[in-house]
Amino acid sequence: KEVEQIKNRVTTLEDAVIKTNEDIVALQTIVKALQNNVYVVAVNTTTDGYVIEFSDGTKATITNGKDGANGTNAPVISVKQDADGNYLEPTDGWWQFCYSNAGLHQKVADVVIDYFNKHPYCMVFTITPNDGSRVGICQCAGCKCYSSDTDLILDFANAVAKIVKKTYPDRLLNVLSYAPTVAAPSAVHPVESNVEIMFCMECPMQKRASDPGNYYHNGSTSYGVSWANNFYNYCTNTGVKHKAVWKWLCVAAESICANWQYIPWVQGNVATDDHDFWKQNGVEYVFYDQGPLNGYREYASSTPLRWPLWYVAQRGCWTQGKNGQQLLAEACQKLYGNGANAMLAYYMALADASVSSTDVSFAWYPPAASKMYTSSWINTIDQKIAAAEAMLGSVTAEQRQRMQNQIDIWKKAKNYI
């Protein structure tokens, strides 16, 4: 019986080796096609997999495995192109399309038009590159001839936009100024009237967008240009008519920042100053990337901790003529009654600590908590909290409960700073 089991296991292993070798042959065919700038013309489904046909007449056969559990424990065979032009096994899962390929332009346009057909109230469709910085950027002759990734993607967006415009002239196609496309084109590069550029705030979280010292930053090095100047250059060189902004308010998203899930952060007037700057420069809307979202370590239960941050950001979008302090003052009056001034002083101390911090931060990576809330700032904030505690006897039971909640949040936060 044991011998029979061994035979069965050997047979299974032999079958797996044969299947893996077949996949390697198929992958070699695909790599050769990439190196020869050959493109896919058809993908045909077979009874047990797919046949990929290339423009030079060659084919690669991919077969499905057997007796697997949705690919669990299956070997992963893939490649990426190295700096010397050779294709190697990748070290991560990032990838991109060949954005200079006219066939891709038509395919993406077809997908967008079909989506608009099925969703008549959708006005914007994003066609921005995949995430992953420059990893996976196509190295074919058509893509490599561009002076920058930004120029490549703008031409891709224009090509798709021209096709979509014929059917939906009033709908927008969105691309991001982010990662490989963060930098403005160095020369004039007009975009179609139905292309929208969304400018991501890849810069220190605690600084104003208009600050000339607010440099784009990737966490280790500065890109050497301020967010505002890059924004101006982008708008000037592209003539873009439709602008939007992406702003991260998820300070505990990364594991190295996990302690921030217990620590308050308030932007105050920085948030509303940004709104004013963006509006003055033609930005039509802001997308705030924030919780509640489990992946960001911010839950529905995080609302008492995050409300001063989220509230000012959202309310400021549709409230004209009021800064962050004024918006918080109105909210505090409704929430805390006679304790409003003391609570407002606490929130503004948090905001002042944020804007005064010079520690490195960017996008969704906040400064180190201990470098924002230094011992001096903790002492100042403790004094504001003591003043708020002194007002607990002069408010209603409900207001007292709300104030105590906020006081307890700060006392707990100090354990994680």
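Is A363 buried or exposed? In this predicted model, A363 is buried, with a relative accessible area of 3%. The cut-off for buried is under 20%, so A363 qualifies at 3%. A363 sits in the loop between α9 and α10, a helix that spans residues 369-372. Its backbone deserves a look as well. Phi of A363 is near 50 degrees, a positive value in a residue other than glycine.

A second alanine can be read in the same way. Phi of A179 is near 55 degrees, again positive in a residue other than glycine. A179 belongs to the loop between β7 and β8. With a relative accessible area of 14%, A179 counts as buried.

To place that loop, turn to the sheet. The sheet is open and has 5 strands. Their order is β6-β7-β8-β11-β12, and the pairing is parallel. At the edges are β6 (124-126) and β12 (283-289), each of which pairs on one side only. On average, neighbouring strands of this sheet are turned by 30 degrees against each other, direction ignored.

Start at the β6 edge. Strand β7 covers residues 172-177 and runs parallel to β6, with 3 bridges joining the two. One pair to find on screen is V124 and its bridge partner in β7, L172. Helix α2 (residues 102-118) packs on the sheet here, touching β6 and β7. The direction of α2 makes about 145 degrees with that of β6.

Helix α5 (residues 227-238) also packs on the sheet. It touches β7, β8 (195-200), β11 (242-248) and β12. Its direction makes about 170 degrees with that of β8.

Now return to the loop between β7 and β8, which also holds T181. T181 counts as buried because its relative accessibility is 3%. What surrounds T181, once its neighbours within four places in sequence are left aside? T181 is in contact with P129, D149, T150, I153, L176 and Y234.

T181 also leads to a cavity. The structure holds 2 cavities of 30 Å³ or more. The largest has a volume of about 40 Å³. T181 is one of its lining residues, along with T150, I153, L154, V175, L176, I197 and Y234. Helix α4 (149-167) and strand β7 each supply at least two residues of this lining. The largest share, 3 residues, comes from α4. By residue type, the lining divides into 6 nonpolar, 2 polar and no charged.

The second largest cavity has a volume of about 40 Å³. Its lining is made up of P264, V266, P304, L305, P308, Y346, Y347, L350, Q406 and I409. Three helices each give two or more residues to this lining: α7 (303-318), α9 (340-356) and α12 (397-413). The residues here divide into 9 nonpolar, 1 polar and no charged. Helix α9 also links back to the opening residue, as A363 lies in the loop between α9 and α10.

One backbone feature remains. The peptide bond from G291 to P292 is cis, with omega near 5 degrees. Where is P292 found? P292 is in the loop between β12 and α7. That loop can be traced from an edge strand of the sheet, β12, to a helix that contributes to the lining of the second largest cavity, α7.

Technical notes. Residues numbered from 1 in each chain as written. Predicted model: local features only at pLDDT ≥ 70, side-chain atom pairs only at ≥ 80, totals over all residues. Heavy atoms only, no water. Pairing = 2+ DSSP bridges. Helix = DSSP H or I, 4+ residues; strand = E, 2+ residues; numbered from the N terminus. Axes fitted to C-alpha atoms, helices over the stretch in contact; angles between N-to-C directions. Contact = heavy atoms within 4.5 Å. Buried < 20%, exposed > 50% of the residue type's maximum accessible area, 1.4 Å probe, protein only. 1 Å grid on protein atoms, 1.4 Å probe; cavity = no way out; pocket = protein on both sides within 12 Å on 5 of 7 lines; lining within 4 Å. Points joined across faces, edges and corners; volume = space filled by probe spheres on them. Nonpolar A, V, L, I, M, F, W, Y, C, P; charged D, E, K, R; others polar.
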